[in-house]
Amino acid sequence: MSRTLLAAVFATTLSATAFAGAASQQQAGLAQIRETDLRADIGFLASDALEGRLSLQPGDDAAVQWIASEFAKAGLKPAATDADGKPSYLQAVPLIEYRPDAKATRLTMKRNGKVVEWKDPDVAGSFPEDRDVDAPLVFAGYGITAPELGYDDYAGLDVKGKIVVVFDHEPQEKNANSVFNGTGNTRYATSYVKILNAQEHGAVAVLLAPEPSHNHPSAQEIRTRIGHHAEHAANPIPAQALADNPVHIPAMVISSAVSEQLLGTSGETPMALQGAIDKDLKPHSEALQDGTISLHLHNSSRREATTWNVVGLVEGSDPKLAPETIIISGHHDHDGQSGDKIWHGADDNASGTVGVVTLARAFAANPAKPKRSILFAVFAAEERGLLGAYYMAVHPLRPLDTTRAMINFDMIGRDEKPSQQTDGLIDVPADTSNRLNLIGAAYSPDYQHTVAKQNEQVGLVLDDRFDHEYALNVFFRSDQFPFVLHNVPAFWWFTGFHPDYHHPSDTAEKIDYPKMAKILKLAYLSAWQFADESTPPRFISHPGRAPGR
């Protein structure tokens, strides 16, 4: 049977059965979501030939060119411009790639005539430029300034020209009634926001200390749970940063033992300091007297290079609403290879890349177009720190204040299973064969409602567990997060962790293609609704509750 006839039969079947409720104008696009195409596309992106798609390596460059070619074949409008000002599917993302010299990384404390020095594994850090910093030390609580919640660790504290030590995460995160969104993370919990906040207050470096009560794994423990770190030990993956990185001060992750010694002059243990803050949400920050700290970060190599976000546009049909934007995104890079091992990245994130390409084909092929425009974006260097997404959020191709919703695909191809990532931290349902995790509802309940309404035609089980947990840092681990920082209603669509996460065994034959097709049909219907509805999702900038409210 010809492909054209198969598509027609499939479209007719959809209309008559599961998607009878979908508007007739949407059916042609739905018919473009085919398991056979998903299988072929993921098979290519996750093949040995692309060598694990490591950022700035030939395999990832090949993925970039494939995505751009598929956008062009589908008939999308180029959404960027090249160096000559001509339309392009590629948005250049200038990077600095560098290799931290772990043996040279050290933290030194000089106090009362004594010198104490720490190295790996007690301290870890990287910065794209060599840095040596000597300064007094200040304890700044959790490093958070949240005036709308009546909370500020920097109130009355002078940190100009000083190094600050802060706890990771947020106060009261085990308390369902916490003003910081109960047991879920807010934007304040991430180290990126903490470092920027310290920088804005004049600090010259940040030391990130593990939360003393150990509600969740420390940054060092999380590192041991992700497979590629140990398996890449013989050939470590180089670090990368944006060439115009807004973070201008270095940071180090320190162990609990280091934290206890640094905070020794406060008169309280780290556990007591945390308990005092959590009890009344009042700052217990202070300068730590009688000593200075020296922070030493050097690199063994450094180079400048360019990668690309791949971007294409389907223009909206309503002249008044077409300037507004819905973003559908994923990321194209993964973890490369080491020796004879290839990190295929079929689920992470060939599945998301193919999801974006599939929906681009669907909307482009559909004769009718929704009212708002849809920007399809496949980001660069997500595995190196969400770099492509952070770059576009600062250099948007269309205004973010009229970006109404973002659907971000990152790992949408598997069934969630217990794994080293989740053991002892979060419960995984026994049956996840029809389950999709949606992450981000605290900042846009309207978005969640729209997807749930469209899901009546699809029948997936929608799970919001990751919006109510604090152990895995999931909320800020994918490309929707930089856009949440810019008040865009943005969700991460995610089928969950599994034992193959960040291992070479994440291969194409393990993808659940029927389930992935259902997810993409739900995303297609949801994106159409976001693009057409008269009142788009609202963004809730402060999901927490002010004290006493």
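The following legends describe close-up views of a predicted model.

**View 1. The open sheet of eight strands in the predicted model.** The strands follow the order β6-β5-β15-β8-β11-β12-β14-β7, and their pairing is mixed. The edges are formed by β6 (114-118) and β7 (123-125), each of which pairs on one side only. From one strand to the next, the twist averages 30 degrees.

**View 2. Pairing of the edge strand β7 with β14.** Strand β14 comprises residues 251-254, and its pairing with β7 is antiparallel over three bridges. Within this pairing, valine 123 has isoleucine 254 of β14 as its bridge partner.

**View 3. Helix α5 against the sheet strands β11, β12 and β14.** Helix α5 spans residues 191-200 and lies across β11 (163-167), β12 (205-209) and β14. Relative to β12, the helix runs at about 145 degrees.

**View 4. Packing of helices α3 and α10.** Helix α3 covers residues 35-45 and helix α10 covers residues 346-365; their axes lie 9 Å apart, at an angle of about 130 degrees. The two helices, α3 and α10, are therefore oblique to each other. Their crossing is right-handed.

**View 5. Residues at the contact of α3 with α10.** Helix α3 contributes Asp37, Leu38, Asp41, Ile42 and Leu45. From α10, the contact is made by Ala346, Ala350, Ser351, Thr353, Val354, Thr358 and Arg361. Classified by residue type, the contact of α3 with α10 contains six nonpolar, three polar and three charged residues.

Technical notes
Residues numbered from 1 in each chain as written. Predicted model: local features only at pLDDT ≥ 70, side-chain atom pairs only at ≥ 80, totals over all residues. Heavy atoms only, no water. Pairing = 2+ DSSP bridges. Helix = DSSP H or I, 4+ residues; strand = E, 2+ residues; numbered from the N terminus. Axes fitted to C-alpha atoms, helices over the stretch in contact; angles between N-to-C directions. Contact = heavy atoms within 4.5 Å. Parallel < 35°, antiparallel > 145°, perpendicular 65-115°, else oblique. Left-handed = near helix turned anticlockwise from the far one by under 90°. Nonpolar A, V, L, I, M, F, W, Y, C, P; charged D, E, K, R; others polar.
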